[in-house]
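Subject: Structure handover and what turned up in it

Hi,

Here is the structure I promised to pass on to you. Have a look at it in your viewer first, and then read on for my notes.

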Amino acid sequence: GKLQIRTVHYLRDGNLFKMMTLHHQLLLLILCKSIAAQRGGTSAGDTITPAYGKVVIIGDSLLDGRGSTAGEVEINLAESLETIVDNNAVGGYSLEDIFESDACSSDAKCTQWSVVNGGMNGNKKEAIELMMPIVDRELSSGRNVIIQGYLEDCGGEASGMDFTAFMDGYANIASSTGGVWFIDPRNLPDHPLMGDPCNPESDIYRADDNSHP
């Protein structure tokens, strides 16, 4: 069956992972990252539109084209913009991993738009600090940056003080930095249920775990 790399995230926070020796923890993480590197990303679209150039996405399971999104992110973007969209997001990746991913700045055909998400895997308290080097690198290369925020859940991993703090921090980065935009699912006028995660009707936006999109 399809390997879900995002499982690493749950192992990191779960008792099984904590019971492993440090040696076995490192081996597990190296194995998962190695598999992720071998599998490559996903892509949609046939031709590059000069108005947008190729769009490249990096991040974690929120955007992973082989995860619960089933490729819909890159497919819909490619259809809407009529350009090629490469999705290099990998479930389970921390912001340190995402920094090492093949971003827009590493692709000569991606001349304008770098899409990134991250912050749920690892220490949420460090998310803003770790996001800034990614943003700075992409801006320095002449690209614009879109930070995609997380869909809030009801009392799960994507909720609470630390979650709110880094999401608000991303909003502040976008409002204070030219060339950076933040998409905040907590406040989308056309989709008010996204901002009401404890409403049972908001389940339509989430996977079976009621957390991933």
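Below is what was found, going from the overall layout to single residues.

Please keep in mind that this is a predicted model.

**Overall layout**

The chain has 7 helices and 6 strands. Read from the N terminus, the order of the elements is α-α-α-β-β-α-β-α-β-α-β-α-β. The chain is 213 residues long, and 45% of them count as buried.

**The largest pocket**

You may want to start here. The largest pocket holds about 570 Å³ of space. Its lining is made up of 21 residues, and those closest to the pocket centre are Leu 63, Val 73, Gln 148, Met 194 and Pro 213. Two elements, α4 (72-81) and β5 (144-148), each supply at least two residues of the lining. Helix α4 contributes the most, with 3 residues. As for chemical class, the lining counts 16 nonpolar, 3 polar and 2 charged residues.

**The nonpolar core**

The largest nonpolar core has 34 residues, and the members that touch the most others are Val 116, Ile 147, Phe 166 and Tyr 170. Several elements each put at least two residues into this core: β2 (55-58), α5 (95-99), β4 (113-116), α6 (127-140), β5, α7 and β6 (180-183). Helix α7 gives the most, with 6 residues. Strand β5 is thus a name to remember from both sections, since β5 supplies at least two residues to the pocket lining and at least two to this core.

**Aromatic rings**

Over the whole structure, the search gives 5 aromatic pairs. One of them is formed by Tyr 150 and Phe 166, whose rings meet edge-to-face at 6.0 Å centre to centre, with 85 degrees between the planes. This pair links distant parts of the chain: Tyr 150 belongs to the loop between β5 and α7 (161-176), Phe 166 to helix α7, and 16 residues separate them.

Are the two partners buried or exposed? Tyr 150 is buried, because its relative accessibility of 6% is under the 20% cut-off. Phe 166 is buried as well, because its value is 1%.

The rings also join up into a cluster, in which ring pairs link Tyr 150, Phe 163, Phe 166, Tyr 170 and Phe 182. Two of these names, Phe 166 and Tyr 170, are also among the core residues that touch the most other members.

**A charge over a ring**

Arg 137 lies over the face of Phe 99, 4.6 Å from the ring centre. Arg 137 sits in helix α6, and its relative accessible area of 24% makes it partly exposed. In sequence, Arg 137 and Phe 99 are 38 residues apart, while their C-alpha atoms are 9.3 Å apart in space.

**Two backbone angles to check**

Which residues other than glycine have a positive phi near 55 degrees? Ala 70 is one of them, with phi near 55 degrees, and Glu 82 is another, again with phi near 55 degrees. Ala 70 is in the loop between β2 and α4, and Glu 82 is in the loop between α4 and β3 (85-87). Ala 70 counts as exposed because its relative accessibility, 52%, is over the 50% cut-off. Glu 82 is exposed too, because its relative accessibility is 58%.

**After the last strand**

Two residues in the segment after β6 round off these notes. Cys 198 lies in that segment and counts as exposed, at 51% relative accessibility. Cys 198 and Glu 152 are 46 residues apart in sequence, with 9.4 Å between their C-alpha atoms. His 191 is found in the segment after β6 too, and at 33% relative accessibility His 191 counts as partly exposed. From His 191 to Tyr 205 there are 14 residues in sequence and 9.6 Å in space, C-alpha to C-alpha.

Happy to talk any of this through once you have had a look.

Best wishes

Notes:
Residues numbered from 1 in each chain as written. Predicted model: local features only at pLDDT ≥ 70, side-chain atom pairs only at ≥ 80, totals over all residues. Heavy atoms only, no water. 1 Å grid on protein atoms, 1.4 Å probe; cavity = no way out; pocket = protein on both sides within 12 Å on 5 of 7 lines; lining within 4 Å. Points joined across faces, edges and corners; volume = space filled by probe spheres on them. Helix = DSSP H or I, 4+ residues; strand = E, 2+ residues; numbered from the N terminus. Nonpolar A, V, L, I, M, F, W, Y, C, P; charged D, E, K, R; others polar. Phe/Tyr/Trp six-rings, centres within 6.5 Å; stacked < 30°, edge-to-face > 60°. Buried < 20%, exposed > 50% of the residue type's maximum accessible area, 1.4 Å probe, protein only. Lys NZ or Arg CZ within 6 Å of the ring centre and 35° of its normal. Core = buried A, V, L, I, M, F, W, Y, C linked by side-chain atoms within 4.5 Å.
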